[in-house]
Amino acid sequence: EVRMSIQESNAQIIAEYLAGHDLVDHVYYIGLEADPGYALMQKQQSGPGAMLSFEIKGDLQTAQNFVNGLKLFQLAASLGGTESLICQPACMTHAGMAPEARVTAGIKDNLIRVSVGMEKGSDLIADIEASFFAMK
């Protein structure tokens, strides 16, 4: 219970930060009121969880540059640990799919998946911001 509380809190902070960032096209997180699943989550769950995805503005290389610029997030294809993990599905978990099939499945080249961990939320935001800043 304590672990999920911390991770959900961190995920909410990150989702809200990303939703307001000019280098982000879209954030997928049911903890955001604008998310289509928000009302259902409120009825069925005790919280929104610690998993989120977002589409960075740009292409596959832009997403790779962002992910490679992070210091606290660990690159991993499996998600759900106590540490913050990040995955770029187009070139990791879904790399074996044809590009057209990935698009049909909603896996765009600029999609980034995050499993938010228990690190200090402000440290995670600082890491994300530093990676964005390095891209400008």
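Two residues are in contact when they have heavy atoms within 4.5 Å of each other. The structure described here is a predicted model. This briefing considers the surroundings of G80, a nonpolar patch on the surface, and an internal cavity.

**Surroundings of G80**

- G80 is found in the loop that runs between strand β3 (74–75) and strand β4 (85–87).
- With residues up to four places away in sequence left aside, G80 is in contact with R3, L85 and S115.
- One of these contacts, S115, is 35 residues from G80 in sequence, yet the C-alpha atoms of G80 and S115 are 5.7 Å apart in space.
- G80 has a relative accessible area of 44%, and it is therefore classed as partly exposed, since this class lies between the 20% limit for buried residues and the 50% limit for exposed ones.

**Nonpolar surface patch**

- V2, I6 and M118 together form a nonpolar patch of about 240 Å² on the surface.
- Within this patch, V2 belongs to helix α1, which covers residues 2–19.
- V2 counts as exposed because its relative accessibility of 61% is over the 50% cut-off.

**Internal cavity**

- The model contains one cavity of 30 Å³ or more.
- The largest cavity holds about 40 Å³ of space.
- The residues that line the largest cavity are I14, F54, F66, L70, F73, I86, V114 and I128.
- Among these lining residues, I14 falls within the range of helix α1 (residues 2–19), and I86 falls within the range of strand β4 (85–87).

Note on methods: Residues are numbered from 1 along each chain as its sequence is written. This is a predicted model: local features need pLDDT of at least 70, side-chain atom pairs count only at pLDDT 80 or more; totals for chains, interfaces and linings use all residues. Side-chain values use heavy atoms; hydrogens and water are left out. Helices (H or I, at least four residues) and strands (E, at least two) are DSSP runs, numbered from the N terminus. Buried means under 20% relative accessible area, exposed over 50%, partly exposed in between (1.4 Å probe, protein chains only). Patches are made of residues with over 30% relative accessible area and no salt bridge: like charges are joined within 9 Å, nonpolar side chains (Val, Leu, Ile, Met, Phe, Trp, Tyr) within 5 Å. Accessible areas come from the Shrake-Rupley method with a 1.4 Å probe; for residues, only the protein chains shown count as cover. A salt bridge is a side-chain nitrogen of Lys or Arg within 4 Å of a carboxyl oxygen of Asp or Glu. On a 1 Å grid over the protein atoms alone, a cavity is a set of points where a 1.4 Å probe fits but cannot get out, and a pocket is an open set with protein on both sides within 12 Å along at least five of seven lines; lining residues have an atom within 4 Å of a point. Grid points are joined across faces, edges and corners, and a volume is the space filled by probe spheres set on the points.
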